[in-house]
Amino acid sequence: MTDYSNATDGTKVIHDDPWLEPYKEVIKRRHNQVKNTIEKLEQSEGSLLKFSQGYEYFGFNVTKDGVNYREWLPSAHEVYLVGDFNQWNKTSHPLERDNYGRWSIFIPNNSNGECAIPHGSKIKIYLKLANGNFDYRIPAWIKRVEQTKENPVFDGVFWNPSKQYQFKNKSPMKPTDLRIYEAHVGMSSEQPEISTYTKFKDTVLPMVKELGYNCIQLMAIMEHAYYASFGYQVTNFFAISSRFGTPEELKEMIDTAHEMGLLVFLDVVHSHASKNVLDGLNQLDGSDHHYFHSGGRGNHDVWDSRLFNYGNWEVMRFLLSNLRFYVDEYHFDGFRFDGVTSMIYTHHGLSPACSYDDYFGSAVDEDGLNYLTLANVMLHKLNPSIVTIAEEVTGLATLCRPFSEGGGDFDYRLGMGIPDKWIELIKDKRDEDWQMGTITHMLSNRRYKEKNIAYAESHDQSLVGDKTIAFWLMDKEMYTNMSLTTEETPIIDRGMSLHKMIRLITSSLGGDGYLNFMGNEFGHPEWVDFPREGNNNSLHHARRRWDLYRNPLLRYKQLRDFDIAMNKLEQEFHWLSSDPAYISLKHEDDKMIVYERAGLIFIFNFHPSKSFSDYRIGSGVAGKFINALDSDRQEFGGHVRIGKENYHYTEDKPWHDRKYSLSVYVPSRTCLVLKKVD
């Protein structure tokens, strides 16, 4: 039998998973493809890290003598720089082409030494396209675009402020336990408006800190023409969304987060791009195969967007430099890569892929997989503390193992099956039919040594046409019975109870990190509906009702307080970075789940009506235990049936394959966490 424990050819991953051995040649070949690409980069570009600094060569780069502008436009016949600076003269500033399809021009300073292109002025390129026609385009590497109500098509803006923001704070140390607060700046206001980076800094950051999260994951930062796309139809990859403010204001927001001890991740969209031609990458030089594959392979029919050609040298430069730019320029601490499943399969995840034959078969887009591995290797070479997360649903083996061992070098993958399963249970199953084995399996079924970010509900579930967990549980009664001055109905009682239980069991059993979408911690009602023609361009549902949790007479505060207590307990005991839980009980009739993790005993009673007194549970250690957290406390909207000060002593009585046991009282639809005190 081959010993893979010291393998250096990419097959070390087989040491931990012998079922990979039949695919060792594929694993080795994929590993070598990335190694060979890195070697080619070292020979032709200096290094992978230098290659990722393309933004210092392409686009607009200001020097003491003037402005260099370069663009890769291989199918263009003529290219001119136009804008306010030259009164939009179509021929006064022609670019020159080199042998690789790269066009460039140098614009010297004015005679008074000032930059010839004014800061904030509009700018574009005017070019003779592949088909011979002339048209305007926005530079691919531009760092600022703006649109008006009158003209939704973006204008390029030359961004060169005389006073640039200077960061004052270093990034916090990477925590061992990631508690991620996912947020959208634009819809973060309490008012029906598009919020700003500055307002987010002043209002949302303090809330995130108070809640006990240690990381913010920002959606919709990369510029997108269509606001209702949730930021996933990117038009301009190096420009941050101008709807929310300026680059300097985003930098100040991130700097403030760092001062508070919060990491900041970017939801990066390299899986596809907007089809927009006038203000996007699509047909930038007039061809359909510029940054994208030609023909059908270059189009995602479901998303109605363009798909990158990840094997192209200049496309790799563009995307790798895009990541590097957000680290160097904005000090982002990590990335959540959107749509990874689409990137790594030629069927884009629209066909089943759940076996090793699928993971190492012909349907894998190895150009996409190799690009993602390169991106991770580059980022971790740049800074080992940078965190990368894959939004990948098929569970592709080795994706989150180190590259040196043969993996894709991601730090985490999102546990995407978890929120889907919760919604399935809530929508389609009676409480009496919930299977405890199904719940524990969905939360604990993850690949060995591949870390997982657990989350109870996704941001997609909050969109119009779907519902959050709270809304599925309580629906219209959230409008009438969330007040403490009204009777707590059975629906509200059930909804409040399950909301707390679902979040705690997901955090403590579901993975190695935890994520929450903003507002869901307090059971945000209703849905998210961005302004569009179908709702008369209303912003009424594109906001967050923070006022609900601030009202002491509403039950939302109780759900929020439970979330704070849960995060505080995790911060104390670090279950997210602890070994996986030992599940000692999943009793289908009693609807009971018991497991141990990080020295704590977690007890869940999902039964809709049965409470259990003197219920015996197993424990791996002996000693005296006390209530560390329970969902039945008054401050959490509970019924105060579980004593906070009661001690629980173990007995030398084996139970459920544990050496010791103890008895507890567990009311119906409650959860209890015990900690050892002696």
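Two strands count as paired here if DSSP finds at least two bridges between them. The model on screen is predicted, and the stops below follow its strands, pockets and cavities.

**Stop 1: the barrel**

Select residues 263-268, which are strand 14, together with residues 334-337, which are strand 17. The two run parallel and are joined over 4 bridges. Within this pair, look for Leu 266, which sits opposite Phe 335 of strand 17.

Now add helix 3, residues 197-211, which packs on the sheet and touches strand 10 (178-184) and strand 11 (215-219). The direction of helix 3 makes about 135° with that of strand 11.

Widen the selection to the barrel itself. It is closed by 8 strands in the order 10-11-14-17-18-19-20-21, with parallel pairing. On average, neighbouring strands of this sheet are turned by 30° against each other, direction ignored.

**Stop 2: the largest pocket**

Show Trp 303, Asp 338, Glu 391, His 459 and Asp 460. Of the 39 residues that line the largest pocket, these are the closest to its centre. The volume of this pocket is about 810 Å³.

Next, colour helix 6 (340-344) and helix 9 (417-428), the elements that give two or more residues to the lining of the largest pocket. Which of the elements gives the most to this lining? Helix 9 does, with 3 residues. By class, the lining of the largest pocket holds 17 nonpolar, 13 polar and 9 charged residues.

**Stop 3: the second largest pocket**

Select Val 393, Gly 395, Gly 417, Met 442 and Asn 445. They lie nearest the centre of the second largest pocket, which has 24 lining residues. About 540 Å³ of space lies in this pocket.

Keep helix 9 coloured and add helix 7 (356-359), strand 19 (412-414) and helix 10 (436-444); these elements, helix 9 included, give two or more residues to the lining of the second largest pocket. That lining divides into 8 nonpolar, 9 polar and 7 charged residues.

**Stop 4: enclosed spaces**

Rolling a probe the size of a water molecule over the atoms shows where empty space is left. In this structure there are 4 cavities of 30 Å³ or more.

For the largest cavity, with a volume of about 160 Å³, select Arg 30, Leu 369, Thr 398, Gly 406 and Gly 407, the closest to its centre of the 16 residues that line it. Helix 1 (24-44) and helix 8 (366-382) each supply at least two residues of this lining. The largest share, 4 residues, comes from helix 1. The lining of the largest cavity has 8 nonpolar, 7 polar and 1 charged residues.

The second largest cavity holds about 70 Å³ of space. Among the residues that line it are Ser 271, His 293, Arg 297, Tyr 310 and Asp 365. Its lining divides into 4 nonpolar, 4 polar and 2 charged residues.

**Stop 5: strand 2 and its partners**

Go to residues 66-72, strand 2. Why is this strand described as largely enclosed by the rest of the structure? Because 6 of its 7 residues are buried, where buried means under 20% relative accessible area.

Strand 1 (residues 59-62) pairs with strand 2 in the antiparallel sense over 4 bridges, and a hairpin of 3 residues joins the two. Strand 2 is also joined to strand 5 (residues 102-108) by 7 bridges, again antiparallel. Arg 70 is a useful residue to centre on: Gly 59 stands opposite Arg 70 in strand 2, and Arg 70 stands opposite Ser 104 in strand 5.

**Stop 6: an open sheet**

Select strands 3, 6 and 7, which form an open sheet in the order 3-6-7 with antiparallel pairing. Its edge strands are strand 3 (78-83) and strand 7 (134-137), each pairing on one side only. The twist averages 25° from one strand to the next.

Strand 3 and strand 6 (residues 123-128) pair over 6 bridges. Val 79 has Leu 127 of strand 6 as its bridge partner.

**Stop 7: two positive phi angles**

Most residues other than glycine have a negative phi, and most peptide bonds are trans.

Select Asn 537, in the loop between strand 21 (513-517) and helix 14 (546-550). The phi of Asn 537 is near 55°. Asn 537 counts as exposed because its relative accessibility is 53%, and exposed means over 50%.

End at Asp 614 in strand 25 (residues 612-619). Asp 614 has a positive phi of about 50°. Its relative accessibility is 64%, so Asp 614 counts as exposed.

How values were computed:
Residues numbered from 1 in each chain as written. Predicted model: local features only at pLDDT ≥ 70, side-chain atom pairs only at ≥ 80, totals over all residues. Heavy atoms only, no water. Axes fitted to C-alpha atoms, helices over the stretch in contact; angles between N-to-C directions. Contact = heavy atoms within 4.5 Å. 1 Å grid on protein atoms, 1.4 Å probe; cavity = no way out; pocket = protein on both sides within 12 Å on 5 of 7 lines; lining within 4 Å. Points joined across faces, edges and corners; volume = space filled by probe spheres on them. Nonpolar A, V, L, I, M, F, W, Y, C, P; charged D, E, K, R; others polar. Buried < 20%, exposed > 50% of the residue type's maximum accessible area, 1.4 Å probe, protein only.
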